[in-house]
Amino acid sequence: MAFIQLTGVTLDLPIYEVHGRSLKRQMMRLGRKNAIAEGNDGVVVVRALSDVTVRFESGDRIGLIGHNGAGKSTILRVMAGIYAPTVGEVAREGKVVPLLDISLGMDDNSTGLQNIRLRGLLLGMTDSEIKSKQQEIAEFCELGDYLDLPIRTYSSGMRVRLAFAISTAVDAEILLLDEVMGVGDASFMHKAQARLADLHRRSEIVVLAMHSNAEIRRTCNKVLWMDNGGVRMFGPTEEVVSAYEAFVSS
Ligand SMILES: Nc1ncnc2c1ncn2[C@@H]1O[C@H](COP(=O)(O)OP(=O)(O)OP(=O)(O)O)[C@@H](O)[C@H]1O
């Protein structure tokens with residue numbers, strides 16, 4: 001049975017390019033005065049997550065909500081294993097598929113077909129899995145002969161089609177989704193949503209960051225409300241979303 005458990009997770013991200021004082025002033029303006037600190041070595045760090053303990057179980061459909069900069073994307077990255085926590089632990093069981101930055105890892109000078117293979121390998125597919133899914137991916141993205149051309153010749157919508165088709169061809173046990181998609185034109189958008197819904201059904205755990213409360217109510221059974229890098233509230237969807245709405249409108 002799949003699960004993800006975060007225990008006392010704190011994540012500090014170092015920012016090497018910036019001087020302490022000017023950034024500190026900026027963060028104060030943003031109301032995040034506690035999020036930023038200067039280490040002994042003079043390197044400025046942003047505390048992106050602060051002492052987060054939470055457990056997601058098989059069957060959970062989790063919505064992440066919270067203001068801009070609350071830590072939604074960061075917690076998804078920690079769950080995906082992209083960031084290692086500065087303090088605390090992440091335990092998980094199950095194959096994780098992150099759909100966070102779907103175009104990441106695409107190679108401009110390789111053809112569409114070569115990129116299917118590259119991305120597939122990056123996403124943990126085996127050679128034979130890639131071969132067996134290649135046809136279906138090609139059909140889904142409707143790029144026809146373009147698949148034999150380097151993707152630097154693609155429009156941005158065509159790239160997204162390809163990236164989306166590959167990323168969603170993987171069988172996930174734990175699916176992590178950031179508010180991805182301005183996925184191409186209207187007809188593709190429609191197909192993409194149907195494909196995502198199917199992926200949701202097949203995954204044991206789905207965690208998604210979203211700004212649409214209506215969408216969260218429709219798809220999630222639990223909601224995690226993040227606030228300044230910490231957990232403000234975690235529980236059944238309606239309870240948490242109503243509390244968040246009351247907070248935002250107050
Ligand atoms: N690479 C980074 N380096 C330094 N700080 C970062 C980095 N990425 C994110 N942060 C900081 O971490 C905090 C959490 O950011 P995050 O992107 O997780 O927020 P979010 O809730 O996803 O926001 P949004 O709703 O705007 O997408 C913010 O203060 C942000 O400035």
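User: Where does Asp185 lie, and what makes it exposed?

Analyst: In this predicted model, Asp185 belongs to the loop between β7 (174–177) and α6 (186–202). Its C-beta atom has 9 other C-beta atoms within 10 Å. A residue counts as exposed if that number is 12 or fewer, and Asp185 is therefore exposed.

User: Which distance separates the C-alpha atoms of Asp185 and Arg161?

Analyst: The two C-alpha atoms are separated by 9.6 Å, while the residues are 24 apart along the chain. Arg161 also takes part in a helix contact, as one of the α5 residues that meet α4.

User: How do you know how α4 and α5 are placed relative to each other?

Analyst: Two packed helices are described by the angle between their axes and the distance between the axes. The axes of α4 and α5 (residues 156–167) cross at roughly 145° and come within 9 Å. The crossing of α4 past α5 is right-handed. On the α4 side the contact is made by Ile137, Phe140 and Cys141, and on the α5 side by Arg161, Leu162, Ala165 and Ile166. By class, this contact has six nonpolar residues, no polar ones and one charged. Arg is counted as charged, so Arg161 is the charged residue among those listed.

User: Why are α3 and α4 called oblique to each other?

Analyst: Helix α3 (residues 112–122) packs against helix α4 (residues 127–141) at an angle of about 125°, with the axes 11 Å apart. Roughly perpendicular covers 65 to 115 degrees, and roughly antiparallel begins over 145. An angle of about 125° falls in neither range, and it is not under 35 degrees either, so the pair is oblique.

User: Which residues of α3 and α4 meet, and how do they divide by class?

Analyst: From α3 come Ile116, Arg117 and Gly120, and from α4 come Ile130, Gln134 and Ile137. They divide into three nonpolar, two polar and one charged. Gly is counted as polar, so Gly120 belongs to the polar group. The crossing of α3 past α4 is right-handed. Ile137 of α4 appears in this contact and in the contact with α5.

User: Where is Tyr146, and why does it count as partly exposed?

Analyst: Tyr146 sits in the loop between α4 and α5. It has 19 C-beta neighbours inside 10 Å. Buried would require 20 or more, and exposed 12 or fewer, so Tyr146 is partly exposed. Apart from its neighbours within four places in sequence, Tyr146 is in contact with Gly112, Tyr154 and Met158. Between Tyr146 and Asp171, which are 25 residues apart in sequence, the C-alpha to C-alpha distance is 26 Å.

User: What is the sign of phi in Glu142, and what makes this residue partly exposed?

Analyst: Most residues other than glycine have a negative phi. Glu142 is not glycine, yet its phi is positive, near 55°. Glu142 is placed in the loop between α4 and α5. With 15 other C-beta atoms within 10 Å, it lies between the cut-offs of 12 and 20, and is therefore partly exposed.

User: What is known of phi in Asn228, and where is this residue?

Analyst: Asn228 also has a positive phi, near 45°. The residue is in the loop between β9 (222–227) and β10 (230–236). It has 19 C-beta neighbours inside 10 Å, and so counts as partly exposed.

User: Why is α2 described as largely enclosed by the rest of the structure?

Analyst: Eight of its nine residues are buried, so α2 is largely enclosed. The buried residues are Lys72, Thr74, Ile75, Leu76, Arg77, Val78, Met79 and Ala80. After α2 comes Gly81, with a positive phi near 85°.

User: Which element gives the most to the shell around the ligand?

Analyst: That element is α2, with three residues. Of the 14 residues around the ligand, Ala48, Asn68, Lys72, Ser73 and Thr74 come nearest. The elements giving two or more residues are β1 (3–15), β3 (44–57) and α2 (72–80). By class, the shell holds seven nonpolar residues, six polar and one charged. Lys is counted as charged, so Lys72, one of the nearest residues, is the charged member.

Definitions and conventions: Residues numbered from 1 in each chain as written. Predicted model: local features only at pLDDT ≥ 70, side-chain atom pairs only at ≥ 80, totals over all residues. Axes fitted to C-alpha atoms, helices over the stretch in contact; angles between N-to-C directions. Helix = DSSP H or I, 4+ residues; strand = E, 2+ residues; numbered from the N terminus. Left-handed = near helix turned anticlockwise from the far one by under 90°. Contact = placed C-beta atoms within 7 Å. Near = placed C-beta within 6 Å.
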